[in-house]
Amino acid sequence: MITARELNRASLSRQLLLEREPLTVPDAVRRVGALQAQHPASPYLALWNRVTGFAPADLDAAFAGRAVVKATLMRITLHAVHAGDYQALRAAMQPTLYASRLGFRFADAGLTPADADELMPDLLAFARRPRTSAEMQAWVEERLGAEKKDGAWWGLKAYAPLHHAPTGGPWSFGLRPSFVAAGTGTVPAGRAVDPKALQTLILRYLEGFGPASVADVAQFAMVQRAPVREALRTLDGAVEQVEGPDGTTLFDLPGAPRPPADTPAPPRLMAMWDSILLAYADRSRVIPSAYRPLVIRRNGDVLPTLLVDGYVAGVWRPLEAGIEAMAFHSLSPAAWDGLAAEAQSLKALLGDREAEVYSRFHHWWSKLPESEVRML
């Protein structure tokens, strides 16, 4: 049996949050599985938390050279993943993307999944070089007409195997996306589950986030639990079972690190939407239950958090004067000192890129309960 605190330490270890490691950017991205990339800055801050001497220019280069790619994947949100993992992850997500993007607005435009499959080869040929969103919409309008353009593009931009193409600073991608064909060969079609691809997704997930339950895997990717159970059954021998704190069956890779419960966990200033906060059905592994509604807002925003002793302890935001930290409970002097040291490093990184990153999310600050606030 594994305890709740041992689960926390296992997750931190897999996510390189117990100690920064001297890895290349592609190797670090592969180690942690996937980086949430809804906000252009977040993959950079995620790697700063995990990689010794992280240089943002290295992630710029990885995106430019397509060693790391940004695309709609797990939970139908933007992730940065190792290029070598993209094809399997995309194939594993096929049933979810089919169901979520070829209905609703796509169907309301009078289109069917067969229309999407018919459009796909020419769409990807057009996107062999980077195309702006406006260019992609114009292409769709030319083929389907103005009345179908918006609904068609809404579905296709997530359903089609497209990468986001870098558009420039400060974080490689701006708020107006450009797209380029993934170039992964055969394009998946239909709603069938690809068993081999789903097995790959599960193994990559367990490497980066295990031990985990069927519900955790399903939550991470937004896939159905039944195929996850079947994939884990067929992976018998490649995975092992562990009893969780509440008796739930967890799955893990044999020999994967599970540090002792008393392993020290240094303070960290986590990016918005950091993957470790969203990777589990039971998010109390990292976020105390009382704090979950404070940091995960009803509209889906996940605020930049303070991680103290391995758990969310508050939030932070960059201001002109420095990094402002709000603690939801009393912190020790040593914890504040550790956060201050992290803040100095973070200010140096942000100062070269975007000193007041995430500023448009400051409106949440006034909606949080009164807590201890310090300028770090």
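Arg268 comes out as buried in this predicted model, with a relative accessibility of just 4%. Its salt-bridge partner is Glu342, and the closest N and O atoms are 3.5 Å apart. The two sit 74 residues apart, with Arg268 in strand S9 (residues 268–269) and Glu342 in helix H15. Glu342 is buried too, at 11% relative accessible area.

Elsewhere, salt bridges with shared partners tie Arg14, Glu240, Asp252 and Arg258 into one network. The whole structure has 19 salt bridges, including these:

| Salt bridge | Closest N and O atoms |
|---|---|
| Arg5 and Asp309 | 3.0 Å |
| Arg353 and Asp60 | 2.7 Å |
| Arg268 and Glu342 | 3.5 Å |

Take Arg353 and Asp60: Arg353 is in the loop between helix H15 (333–351) and strand S13 (372–375), while Asp60 is in helix H4 (residues 56–64), so this bridge ties together parts 293 residues apart in sequence. Both ends are partly exposed, Arg353 at 23% and Asp60 at 22%. Arg5 is partly exposed as well, at 31%, and Asp309 likewise, at 34%.

Now for the rings. There are 14 aromatic pairs in the structure. In one of them, the ring centres of Tyr205 and Phe220 are 4.7 Å apart and the planes meet at 40°, so the pair counts as tilted. Tyr205 belongs to helix H11 (residues 195–209) and Phe220 to helix H12 (residues 214–221), and both residues are buried. Tyr44, Phe63, Trp171 and Phe173 make up one aromatic cluster.

Charges turn up over rings, too. Arg285 lies over the face of Tyr280, 4.0 Å from the ring centre, and the charged end of Arg90 sits over Tyr159, 5.7 Å from its ring centre.

Technical notes: Residues numbered from 1 in each chain as written. Predicted model: local features only at pLDDT ≥ 70, side-chain atom pairs only at ≥ 80, totals over all residues. Heavy atoms only, no water. Phe/Tyr/Trp six-rings, centres within 6.5 Å; stacked < 30°, edge-to-face > 60°. Helix = DSSP H or I, 4+ residues; strand = E, 2+ residues; numbered from the N terminus. Buried < 20%, exposed > 50% of the residue type's maximum accessible area, 1.4 Å probe, protein only. Lys NZ or Arg CZ within 6 Å of the ring centre and 35° of its normal. Salt bridge = Lys/Arg side-chain N within 4 Å of Asp/Glu carboxyl O.
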